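Here's a quick briefing on some backbone oddities and ring contacts. Have a look at the model first, then read on.

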Amino acid sequence: MITDYKTTIDGLEIYYRTSGNPENQHLVFLHGWAARLDGSLGCDKVIFELAKYFYVVAAEHPGLIRSTPPKAIWGMDDFAHILNKLLTPLNLKNPIVMGQSFGGGVATAYAKLYPQEIRFLILVDAITTKRKRNFFQKLKFIWWPAFSFLVKSKWIPLTLKKVLINISLGVPTKMISKLNAESYSVMGEIPLSERYYLNLDYKSLAMPLFLIWGDRDTWVTPVQRAKEIHSEVKESKLLILKGPHTILYKNPKYAVGEIIKLLPQYRNYV
């Protein structure tokens, strides 16, 4: 069972969901860019699988899925600060923080800013510090100015804007209206900002670091990045799964099962 919540933080409506037994180890799950509530990139399947082992709090980032987009260009630290304002009143006990892709970037920023709030940091095919982009990544970033232009344009029909926003940000089409469609344009500017990438030395993180990557993630967040970080942080653990960048959503039972094998005595943390 997944329970749905909505709160207001700094004028933004923020959605989050919980699942599992509160007596179990607490885990914060942070989804990636363009993830959805359900379907092939759905968070629900991941939450259900994690809830077999943990009490899960799954936050929805501002501008993605159902949460209100920020009013300015944000960096990872900004998303992490909002996350902290969401989690603090929930009084979680020594949580594990697990982030996939964009959510992994937010999770890392959160670990940097609020180290006392995290037991373990689990990064799954995550955005990393700024490193050399491969060919696909360069192409990917060319698209975002067009996204912002089209969403702001008065000549583009609302139907098309709904499709663009839904595909790019995972926002349910029923939540997109003529009044709020333009507000999503800022999300196209965020990946182009220098603040999109993390600014830290992974060796400075104060908690155990687990790196979970798909072996076929060669374009979006290349697995080579995980290997680089693992070599930089000798105490980290690296697990390479059989699958693409989205392996956590495509096969959550397999991915979560393998992660559980890597975590030592996870049932005894609370």
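Before counting anything, a word on what a pair is: rings of Phe, Tyr and Trp (its six-membered ring) pair if their centres lie within 6.5 Å. On that basis this predicted model holds twelve aromatic pairs.

**Ring pairs**

- Take tyrosine 110 and tyrosine 114: their ring centres are 5.2 Å apart and the planes sit at 40°, so this pair is tilted.
- Both partners are tucked away: tyrosine 110 is buried at a relative accessible area of 3%, and tyrosine 114 is buried at 14%.
- Tyrosine 196 and tyrosine 197 go edge-to-face, with 5.4 Å centre to centre and 90° between the planes.
- Here too the residues are buried, with relative accessibility of 8% for tyrosine 196 and 12% for tyrosine 197.

**A linked cluster**

- Ring pairs join Tyr196 and Tyr197 with Trp33, Trp74, Phe79, Phe102, Trp144 and Phe147 into a cluster.

**Positive phi outside glycine**

- As background, most residues other than glycine have a negative phi.
- Alanine 34 goes the other way, with a positive phi of about 75°.
- You'll find alanine 34 in the loop between β3 (26–30) and α1 (43–50), where this residue is buried at 14% relative accessible area.
- Asparagine 91 also has a positive phi, near 50°.
- Look for asparagine 91 in the loop between α2 (76–87) and β5 (96–100); with 60% relative accessibility, this residue counts as exposed.

Conventions: Residues numbered from 1 in each chain as written. Predicted model: local features only at pLDDT ≥ 70, side-chain atom pairs only at ≥ 80, totals over all residues. Heavy atoms only, no water. Helix = DSSP H or I, 4+ residues; strand = E, 2+ residues; numbered from the N terminus. Buried < 20%, exposed > 50% of the residue type's maximum accessible area, 1.4 Å probe, protein only. Phe/Tyr/Trp six-rings, centres within 6.5 Å; stacked < 30°, edge-to-face > 60°.
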